[in-house]
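User: I would like to go through the side-chain contacts here. Could we begin with the terms?
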Amino acid sequence: MNAPASAAPAAATADVPLTPRQQQALQAVLAERGALPGALLPVLHGVQEALGFIPQASLPVIARALQLSRAEVHGVVTYYHHFRTTPPRGRVVQICRAEACQSMGAEALMAHAQAAIDAHGCDTLEAAYCLGLCAQSPAAMVGDRLHARMTPAKLDALLASVQGAGA
């Protein structure tokens, strides 16, 4: 699962400067989304889409660009489960844990996915709190593809087929 932001040593993450590629991606996202009403969430989503996570060093840049405090930006990043502050390992596998999916076995699916990912150590497992497939639950997302009516066997086959395809 995605570790809470507080689990990483603060000095190890806060002192890492943005790479030139990260700076360029951040500036592109700010140019594209920074003037939108309520721009913080669209900017954060854009940074994570571009980089796979939201680097700690990007928070003061985002805060200045949006005329917010660094604490406000940090608060939003750490409040929402969706945002990562460290790079994911391999593919990101999300299991929906909203009520409809829970009622259809998402907890067992999550436990199975955790065991499978721990055994291979090459992917990142995250909880999602609604993937929008409530009528076809439980749902999972691997990378950017949604999958409905997921079972442990289907998840194993999906992970094996995606891994075999070199994704």
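Analyst: A residue is called buried when its relative accessible area is under 20%, exposed when over 50%, and partly exposed in between. The model is predicted.

User: On that scale, is Phe83 buried or exposed?
Analyst: Phe83 has a relative accessibility of 5%, under the 20% limit, and therefore counts as buried.

User: How many aromatic pairs does a search of the whole structure find?
Analyst: The search returns 2 aromatic pairs. In one of them, Tyr79 and Tyr80 meet edge-to-face, with 4.9 Å centre to centre and 90° between the planes. Tyr80 also forms an edge-to-face pair with Phe83, at 6.2 Å centre to centre and 90° between the planes.

User: Which residues form the aromatic cluster, then?
Analyst: Tyr79, Tyr80 and Phe83 make up one aromatic cluster. Within this group, Tyr79 is exposed at 59% relative accessible area, Tyr80 is partly exposed at 37%, and Phe83 is buried at 5%.

User: Changing topic: how many disulfides are found?
Analyst: The search of the whole structure gives 0 disulfides.

User: Why is there no bond from Cys130 to Cys134?
Analyst: The closest cysteine sulfur to that of Cys130 belongs to Cys134, at 3.9 Å, which is too far for a bond. A disulfide requires the two sulfur atoms to lie within 2.5 Å. Seen from Cys134, the closest cysteine sulfur is in Cys130.

User: And how accessible are Cys130 and Cys134?
Analyst: Cys130 is partly exposed, at 42% relative accessibility. Cys134 is also partly exposed, at 41%.

Definitions and conventions: Residues numbered from 1 in each chain as written. Predicted model: local features only at pLDDT ≥ 70, side-chain atom pairs only at ≥ 80, totals over all residues. Heavy atoms only, no water. Buried < 20%, exposed > 50% of the residue type's maximum accessible area, 1.4 Å probe, protein only. Phe/Tyr/Trp six-rings, centres within 6.5 Å; stacked < 30°, edge-to-face > 60°.
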